[in-house]
Amino acid sequence: MSNVNEKDKNSTLLEDYIFYNGEITLDRFNYTEERDYILAKLMLSLISGSNSFDYEELIIYLPHKLQEIVRYRWKAITSIFNGEYDAAEPLLLLALEKVKENRIEKWIKRDILLDLRNLETIKYNRQGKVVFETPHQKDLKAMDKWNYRPSIDWSLENSLFDVVKENFSICTDGPHTVRFGGNFSTTIDKITNAFHTAITMGSFTFIHIIRERIAYILFNYGKLYNDSRLLFHSLKLFMIENNVTATKKILNSEWNNLSKEFIDTPTMLLNSSFLEGEKPENIVMKCILIQKLGPYFYDEELSEISAFLNACLDKPFSISTNIDIKRNAIIAYKDIINRINNSEILDKLIQIIDKENHLVKDEIYKLMTNINWSNVSKDISEQLALNIYRKRKGILRGENVYSILFSIKKSHPDILNEIENEMIKEWKVNQSLDINLYFSTHKIIEPLFNDFINDILNNIESNNSKMLKGSTISVGGISLYHLWANHTINSSILKSEAIDLYKKVMVNPYQTSTNKLDCVESIIRVAESNDGKFLDLLKMRLGPFFKTNLQKILVSRKDNLFGPISDDERLMLKLFELLVVLEVSAFSPDEILSKCIEYGSHTNVDVREGTISLIHAIINKFSNSYEQFTMQYLYSKTYDTWYKVRGDAIYLLGSIPEVNKEWESIIQRRMFELIDDSNSYVRSSIIASIGERNTKDKYLKKEFKNMIAILKRDRHYKLRNQVSNILK
C-alpha cells in the first residue's frame with residue numbers, strides 16, 4: 001500500500017500534484033502569505049515542465065539590491081528553457097556585473113558562474129564538442145572556498161538523508177512490523193524548502209539540480225512503496241530534465257508498474273505540454289516514448305505517429321544521441337514499421353543509406369531486421385537487398401546485413417540468387433563467419449555444405465588446441481558450435497568427425513565454460529531436430545563417453561571479464577538436459593530433479609531459465625513418471641520475478657496433457673491470473689499454450705475459450721495477431 005498522503009490540509013504542493021496527476025489549481029485563499037502563493041505558482045510551473053514563468057510578482061518581495069540580479073537570472077532561465085541559449089548568456093553576465101557592483105554574498109556570485117558554466121556545457125554538447133574546462137570553469141576554480149550555499153545545501157542534504165533512512169527502516173522491518181506511514185511528506189517538505197530558495201534566487205543550476213533530485217527521490221519512494229504514481233511522476237520529471245538515460249532505464253526496468261498509468265491512453269504522455277515545440281530534446285523524448293509504446297498505439301493513431309516519424313527522418317544528424325532526432329526516429333519505428341504501409345518509408349530509408357554516415361546506416365539496418373518482408377513487394381525487397389549488400393562496407397555491425405537478407409529470402413526465396421553467388425565468391429576469399437551464418441539458415445548443396453562445415457570444424461579444432469593453461473580467452477562473436485548445428489539441422493547431414501571433435505572440446509580442462517555450454521546446447525538442438533533422425537547415432541557415440549567423462553566436462557575456465565556469470569551452474573543444468581535427451585543413465589532422475597530445486601531460486605536468471613528447460617526435457621522423456629513434481633515446480637515458477645521464467649513455466653504447465661481435475665483447475669486459475677501480467681511475453685506464453693491445446697484437442701474447453709476472448713482484445717497488437725492465428 002502506498003504511503004503517499006491523500007489530499008489533506010497539511011499536504012504539500014508536490015503531494016497534491018502527484019495525487020491529482022498534475023490536475024490541480026492553486027487558490028490564493030489556501031496561502032496565508034502572498035509570497036508563498038507566488039512561489040507555489042512558480043514551483044508548479046517548473047515541475048510541470050512549463051517554459052513560461054510569472055516571476056515579476058516575486059521580485060518585489062526581494063531586497064532592493066537583489067531585485068535586478070534575480071530579474072536578469074529569471075530572464076535567462078526563461079531563455080534557456082525555451083532553447084534560446086545565445087540570449088541567456090548576456091543576461092547572466094549582466095547579473096554577474098550587478099553582483100560585483102552591489103557587493104552581494106560571494107556564494108551568489110559563484111552560483112551565477114555555475115549557471116554560466118552549465119550553459120556553456122549545454123551549448124558545447126549541442127555542437128557535439130567535448131570541452132574539459134570551459135572559460136567560466138576557470139573563474140569557478142578561483143572561488144573554491146565559497147562553495148557552500150547555506151539554505152539550499154542544508155535542505156538538500158536532509159531530504160536525501162530521509163530517503164536513505166526510510167530505505168533502512170523498510171529493509172530492517174521484521175515480518176510482523178506494523179508501519180504507520182513513512183517520512184515521504186517530511187522529505188518532500190525539505191526538498192520544497194530548497195526549491196523555494198533556488199526559485200527565489202533565480203538559480204538555473206539549482207532549479208535543474210533540485211528538479212532532477214525530486215525525480216530521483218520520487219523514484220526511490222516509488223520503489224520502496226511499490227507506488228506507480230510516484231514512478232510515473234519520476235519519469236515525467238526525468239523527461240522534463242531531458243535525462244535520456246534515466247528515462248530509458250525507468251521505461252525498461254519499471255514497465256510492469258508504469259504501464260498501468262498510461263497504457264490505455266498511450267498518446268497521453270506523448271501529447272504532454274512539456275514536449276511541445278521544436279526543441280530537439282523534446283522531439284527525441286517523443287521518439288523514445290514511441291519506441292516503447294509502439295505495440296500499444298491504436299490503429300487510428302498510427303497515421304499521425306508515422307507522419308511525425310517520417311518528418312523526423314528529414315532532420316540533420318547530430319553526433320550527440322540525446323539530440324539526434326534522425327537516429328532516434330529510426331529506432332522508434334521498431335514496432336510501427338510492420339503496422340503501416342511502409343513502402344514510402346523504405347524508399348526514404350534507401351535514400352538515407354546513400355547519403356548518411358555509418359552510425360545512421362547501422363540503425364537502419366538494425367530496424368530492417370524487424371521488418372515482415374512478406375508485406376513488402378518483391379520489387380522493393382530486391383532493390384533494398386542489392387542496395388544493402390553492396391553498401392555494407394564501413395558499417396559497425398555487418399551481421400545485420402546478412403540477417404536482413406535471410407529475412408528477405410524467407411519471404412521472397414528467388415530474388416537473392418545474384419547476391420548469393422557474390423557472397424559465395426567472397427567467402428572463398430575471406431571465409432567470413434557472417435556469410436557462413438547466412439548460408440547455415442537454409443539447406444544448401446552438398447559441395448558447398450562440406451566447405452562450410454569443414455571451415456567451422458577447422459576453426460573449432462584450432463581454437464581448442466590453443467586453449468592451454470594460461471592462454472588468453474576471447475569473448476563475443478558468432479558461436480561456431482551453433483553455426484555447426486544450423487548447418488547440420490538444415491542439411492540433415494551429421495558428420496561423424498564433428499562428434500569426435502566435440503568430445504575433445506568437452507574434456508579439455510582449459511576450454512572456456514561458455515564454449516562448453518555452446519557445445520552441449522548445439523548437440524541438444526541436433527538431437528531434437530529432424531524428428532530425432534540423429535538421436536540413435538548420438539546415443540551410440542556419446543552415451544558411453546558421458547558415463548566416463550562427466551567430471552572432466554564440468555571442469556572449465558571462466559571468462560568472467562564482466563563479473564561472475566554462473567557458468568558452472570548453467571553448464572551442469574544443460575549437461576543434465578543433454579543426458580535426459582540422450583537417455584544416458586549417468587544420474588538418476590531424482591538426482592537431476594534435485595538440481596532444479598537447488599538452482600530454482602538462483603540469483604542469476606539464466607540459471608533459473610535453465611531449470612525450466614531441464615524440466616521440459618524431463619516432461620518429454622519421462623511423461624507421467626514425475627508429473628506431480630514437475631507440475632509443482634512449474635507452478636511455483638509462475639510466481640518468479642523474471643518474466644521469461646514466469647512465461648516459460650506457465651506455457652509448459654498449460655501444455656501438459658491429461659492432468660487430473662484438481663491440477664487442471666489450479667492451472668486454469670493461474671492462467672487466468674497471468675492474463676493480466678504486465679509483461680507481454682507472459683501473456684503470449686498463455687496464448688501459445690492454449691494454441692498447443694487447440695492443436696492436440698478436438699475441442700477447446702470453455703475456460704480456455706474465455707481466456708482467448710479476453711486476450712484477443714489485448715492492448716499489444718502482436719498478441720492480438722497471435723490470437724487471430726489460433727482462431728483461424
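**E583 is located in the loop between α29 (567–582) and α30 (589–599).** The structure shown is a predicted model, in which local features need pLDDT of at least 70 and side-chain atom pairs count only at pLDDT 80 or more, whereas totals for chains, interfaces and linings use all residues. Residues are numbered from 1 along each chain as its sequence is written, and side-chain values use heavy atoms, with hydrogens and water left out. The phi angle of E583 is near 55 degrees, a positive value in a residue other than glycine. Most residues other than glycine have a negative phi.

**The whole protein, with its 37 helices and 0 strands, provides the setting for the close-up views.** Helices (H or I, at least four residues) and strands (E, at least two) are DSSP runs numbered from the N terminus. The C-alpha trace spans about 95 × 65 × 55 Å along its principal axes. Of the 728 residues in the protein, 52% are buried; this term denotes a relative accessible area under 20%, with exposed over 50% and partly exposed in between (1.4 Å probe, protein chains only). Among contacts (heavy atoms within 4.5 Å) with a separation of 6 or more, 69% join residues that are 24 or more positions apart.

**The surroundings of H487 are shown in helix α25 (residues 480–491).** H487 counts as buried because its relative accessible area is 1%. When neighbours within four places in sequence are left aside, H487 is in contact with N436, F439, S440, I444, F449, F452, I453, I456 and S492.

**N421 is a residue of helix α22 (residues 417–430).** With a relative accessible area of 47%, N421 is partly exposed. Its C-alpha atom is separated by 59 Å from that of S79, and the two residues are 342 residues apart along the chain.

**Helices α2 (residues 34–47) and α9 (residues 184–201) cross at roughly 95 degrees, and their axes come within 10 Å.** Axes are lines fitted to C-alpha atoms, for helices over the stretch in contact, and angles between N-to-C directions run from 0 to 180 degrees. The two helices, α2 and α9, are therefore roughly perpendicular to each other. Angles of 65 to 115 degrees receive this description, those under 35 count as roughly parallel, those over 145 as roughly antiparallel, and the rest as oblique. On the α2 side the contact is formed by R35, L39, L42, M43, L46 and I47, and on the α9 side by T192, F195, H196, I199 and T200. These contact residues comprise 7 nonpolar, 3 polar and 1 charged. Ala, Val, Leu, Ile, Met, Phe, Trp, Tyr, Cys and Pro are classed as nonpolar, Asp, Glu, Lys and Arg as charged, and the others, Gly among them, as polar.

**Helices α26 (residues 496–507) and α28 (residues 535–553) have axes that come within 10 Å and cross at roughly 10 degrees.** This crossing angle makes α26 roughly parallel to α28. From α26, the residues S496, I499, D500, K503, M506 and V507 take part in the contact, and from α28, L537, L538, R541, L542, F545, F546, N549, K552 and I553. By class, the contact of α26 with α28 has 9 nonpolar, 2 polar and 4 charged residues.

**The largest pocket holds about 940 Å³ of space.** Its lining consists of 33 residues, of which N252, W255, K292, K334 and S680 are the closest to the centre. A pocket is an open set of points on a 1 Å grid over the protein atoms alone where a 1.4 Å probe fits, with protein on both sides within 12 Å along at least five of seven lines; lining residues have an atom within 4 Å of a point. Elements that each supply at least two lining residues include α12 (244–253), α15 (280–293) and α35 (680–696). Helix α12 gives the most, with 4 residues. The lining comprises 12 nonpolar, 12 polar and 9 charged residues.

**The second largest pocket contains about 700 Å³ of space.** Among the 26 residues of its lining, I122, H208, E241, N242 and E281 are the closest to the centre. Two or more residues come from each of α4 (64–81), α6 (106–126), α10 (204–225) and α15. Helix α6 supplies the largest share, 5 residues. The lining has 8 nonpolar, 12 polar and 6 charged residues.

**N242 occupies the loop between α11 (228–240) and α12.** N242 counts as partly exposed, at 24% relative accessibility. Its phi is near 60 degrees, a positive value in a residue other than glycine.

Definitions and conventions: Points joined across faces, edges and corners; volume = space filled by probe spheres on them.
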